[in-house]
Amino acid sequence: PDFVALDVKTSPGKYARLLPKNRELQLDLFAARTGSVPDVWASVFDTLKWISEAGIDFEIRTTVVPDLVTVDDIAVISRLLANDFVDAVAKRGRYVLAGYRPGNVLDPASAPVRPYPESVLEEMAAIARKNGIDCSIRPNSVSQSAQP
């Protein structure tokens, strides 16, 4: 590939909230490796490592879903990127915070969640930048807002 995009859904400590309980998960599409919830973040990290070493352009993005992704989560994610991948991000990558768009979502329980206002996304991007990661935002076009 000449470009890769990877979603980092939230900070490592919250990944278990995204996954089905008591189930094995297919973590590797090609080798059909399965694993438990704690293994998932290790796979995300391995993917970040592969992307950073592949010599191709990439985007790491976090869709900022209220409660699942907070200001503190962005601080954790950006510190992780700064500690382990800052050179690759600076040379060939970008980190993007995408505004959450309610409505047509996989988990019906998430449909009524109101997105953060753009000002919160700007605050999160500033935190990432303070941690040494260039960060941009892609706000959604929904005017409703949630409190951080």
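Here is a quick tour of the sheet, the helices around it and a few residues to look up. Keep in mind that this is a predicted model. At its heart, for this tour, is an open sheet of 4 strands in the order E1-E4-E5-E6, paired in parallel. Strand E1 (3–7) and strand E6 (135–138) are the edge strands, each pairing on one side only. Neighbouring strands in the sheet are turned by 25 degrees against each other on average, if you ignore direction.

**How the strands pair up**

- E1 runs parallel to strand E4 (residues 57–64), and 5 bridges join the two.
- To find that pairing on screen, start with phenylalanine 3, which stands opposite aspartate 57 in E4.
- Then look at aspartate 7, which has arginine 61 of E4 opposite it.
- E4 also pairs with E5, again in the parallel sense, over 7 bridges.
- One spot to check there is threonine 62, whose bridge partner in E5 is leucine 97.

**Helices against the sheet**

- Helix H2 (residues 71–92) packs on the sheet, where it touches E4 and strand E5 (93–99).
- The direction of H2 makes about 140 degrees with that of E5.
- Helix H3 (residues 118–130) lies across E4, E5 and E6.
- H3 runs at about 165 degrees to E6.

**A closer look at H2**

- H2 isn't straight: there's a bend of about 95 degrees at phenylalanine 85.
- You can see this in its span too, since a straight helix of 22 residues would cover 32 Å at 1.5 Å a residue, while H2 spans only 25 Å between its end C-alpha atoms.
- Phenylalanine 85, the site of the bend, is also one of the buried residues of H2.
- Other buried residues of H2 include Asp73, Ile74, Ile77, Leu80, Ala88 and Val89.

**Leucine 81, a buried spot in H2**

- Leucine 81 sits in helix H2, and its relative accessibility is 1%, so it counts as buried, the cut-off being under 20%.
- Setting aside neighbours within four places in sequence, leucine 81 is in contact with Leu48, Ile60, Val86, Tyr95 and Ile133.
- Leucine 81 and glycine 132 are 51 residues apart in sequence, yet their C-alpha atoms are 8.7 Å apart in space.

**Threonine 10, a buried loop residue**

- You'll find threonine 10 in the loop between E1 and strand E2 (25–26).
- Threonine 10 has a relative accessible area of 0%, so it is buried.
- The side chain of threonine 10 reaches the backbone oxygen of leucine 68 at 2.6 Å.
- Leaving out neighbours within four places in sequence, the residues in contact with threonine 10 are Tyr15, Leu18, Trp41, Leu68, Val69, Asp73 and Ile77.
- Two of those contacts, Asp73 and Ile77, are also listed among the buried residues of H2.

**Aspartate 67, a loop residue with positive phi**

- Aspartate 67 lies in the loop between E4 and H2.
- The phi angle of aspartate 67 is near 80 degrees, a positive value in a residue other than glycine.
- Is aspartate 67 buried, exposed or partly exposed? Its relative accessible area is 49%, so aspartate 67 is partly exposed, as exposed means over 50%.

Terms used. Residues numbered from 1 in each chain as written. Predicted model: local features only at pLDDT ≥ 70, side-chain atom pairs only at ≥ 80, totals over all residues. Heavy atoms only, no water. Pairing = 2+ DSSP bridges. Axes fitted to C-alpha atoms, helices over the stretch in contact; angles between N-to-C directions. Contact = heavy atoms within 4.5 Å. Buried < 20%, exposed > 50% of the residue type's maximum accessible area, 1.4 Å probe, protein only. Expected span 1.5 Å × (residues − 1). Bend = angle between axes of the 7 residues up to and from the residue. Polar contact = N/O pair within 3.5 Å; in protein donor to acceptor, adjacent residues only side chain to side chain.
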